[in-house]
Amino acid sequence: MKVVVVVPTYNEAENIGKLIKELRSLPISPDVLVVDDNSPDGTWRIVERMAEKDPAVHLLRRPGKLGLGSAYVEGFKWALSRDYDAIVQMDADFSHNPQDVQRLVEALKDCDVVIGSRYSNGVSVINWPIGRLLLSYFANKYARLLTGVKINDLTGGFKAFKREALEALDLDSIKSDGYAFQIEVNFYLWMKRFKMCELPIIFVERRAGQSKLNRSIIWEAFWLVWRLFFKRLLGRV
Ligand SMILES: Nc1nc2c(ncn2[C@@H]2O[C@H](COP(=O)(O)OP(=O)(O)OP(=O)(O)O)[C@@H](O)[C@H]2O)c(=O)[nH]1
Ligand SMILES: [Mg+2]
């Protein structure tokens, strides 16, 4: 099975080199695609140098900060236009343990989509302030209730997809960015009846670099969930 890990980055120079090395030394030795938005800290330069030495490392460098959602969409399209059987998405900040990529991909044997889940086995989040944890936890309960998608971690960004699952999505119609993007993708895959599985992961707060969480990301997700609620109600997916 040919696997690519899509990693969106914005100012992750402190993390990206180590992440790529760890991914490349996994037993499945996946390809890596970094989608960088011309990071001022030169993240892309590090990737460019690694790509020169290792043909399995790829860089998609965009002209400026165009947002996380569109970075995933471009990365997914890039992967689908090549011969990958499985596509993994993850953050660059080591909140997602690169070692878990192996388990996620192996679980694709029995599932179409595998979600690295913080909330399927109690709560497995390390070093988050309690306020952020509560926000995330209850946001997930709220999203699950309204969208009807029976997944405990709807907002997580660590996932593996079979090629067929991503191919079934209308990627151009997905305009949301932060947590909303994750919820939206899960919603459409769920409505299309793909087999979605949750695999417990331990999520660790970033050690290096800066967070991009802000109020507008929370509001975006809040309203999206209502939009999906009505879509589900009207059966328009
Ligand atoms: N290409 C691209 N990547 C982005 C953008 N915004 C965030 N990222 C990357 O997306 C991943 C997730 O972003 P984070 O800042 O970690 O967001 P978060 O996980 O919600 O917040 P913290 O982990 O608390 O900082 C990281 O690898 C970021 O570098 C963007 O606009 N463009
Ligand atoms: Mg993060």
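Aspartate 31 touches Lys2, Val3, Val4, Val5, Arg24, Ala56, His58 and Tyr84, leaving aside residues up to four places away in sequence. The model is predicted. Aspartate 31 sits in strand E2. Two nonpolar cores, the surroundings of ligand 1 and a threonine in helix H5 follow below.

**Aspartate 31**

- Aspartate 31 counts as buried because its relative accessibility is 13%, and the cut-off for buried is under 20%.
- Its side chain makes a polar contact with the side chain of tyrosine 84, at 2.6 Å.
- Valine 4 is among the residues that aspartate 31 touches.
- Along the chain, aspartate 31 and valine 4 are 27 residues apart. Their C-alpha atoms are separated by 4.5 Å.

**Nonpolar cores**

- The largest nonpolar core has 40 residues. Phe76, Ile87, Ile183 and Leu189 touch the most other members.
- At least two residues of this core come from each of these strands: E1 (3–9), E2 (31–36) and E5 (113–117).
- The same holds for each of these helices: H3 (68–80), H5 (130–147), H6 (163–167), H7 (179–191) and H8 (215–234).
- Another core, of 30 residues, lies apart from the largest one. Val5, Val47, Met50 and Leu104 are among its members.
- In soluble globular proteins, nonpolar side chains tend to be buried together.
- Which residues does isoleucine 87 touch, not counting residues up to four places away in sequence? They are Val4, Val6, Phe76, Ala79, Leu80, Lys159, Ala160, Phe161, Arg163 and Leu166.

**Ligand 1**

- There are 20 residues around ligand 1. Glu12, Asp37, Asp93, Arg132 and Arg206 come nearest.
- A polar side-chain atom of aspartate 93 is 2.8 Å from an oxygen atom of ligand 1.
- Glycine 67 offers a polar backbone atom, 3.3 Å from an oxygen atom of the ligand.
- Threonine 9 places a backbone N or O atom 3.2 Å from a nitrogen atom of ligand 1.
- How much of ligand 1 does the protein bury? Taken alone, the ligand exposes 620 Å², and the protein buries 94% of that.

**Threonine 147**

- Threonine 147 lies in helix H5.
- Is threonine 147 buried or exposed? Its relative accessible area is 1%, so threonine 147 is buried.
- A polar atom of its side chain lies 2.6 Å from the backbone oxygen of alanine 143.
- Beyond residues up to four places away in sequence, threonine 147 touches Leu154, Ile183, Phe187, Val225, Leu228 and Arg232.
- Of these, Ile183 is one of the residues that touch the most other members of the largest nonpolar core.

Note on methods
Residues are numbered from 1 along each chain as its sequence is written. Chains are lettered from A and ligands numbered from 1 in the order in which they are written. This is a predicted model: local features need pLDDT of at least 70, side-chain atom pairs count only at pLDDT 80 or more; totals for chains, interfaces and linings use all residues. Side-chain values use heavy atoms; hydrogens and water are left out. A nonpolar core is a set of buried Ala, Val, Leu, Ile, Met, Phe, Trp, Tyr and Cys residues joined through side-chain atoms within 4.5 Å. Buried means under 20% relative accessible area, exposed over 50%, partly exposed in between (1.4 Å probe, protein chains only). Helices (H or I, at least four residues) and strands (E, at least two) are DSSP runs, numbered from the N terminus. Contact means heavy atoms within 4.5 Å. A polar contact is a pair of N or O atoms within 3.5 Å; within protein, one must be able to donate a hydrogen and the other to accept it, and residues adjacent in sequence count only if both atoms are side-chain atoms. A residue is near a molecule or strand if one of its heavy atoms lies within 4 Å of it. Accessible areas come from the Shrake-Rupley method with a 1.4 Å probe; for residues, only the protein chains shown count as cover.
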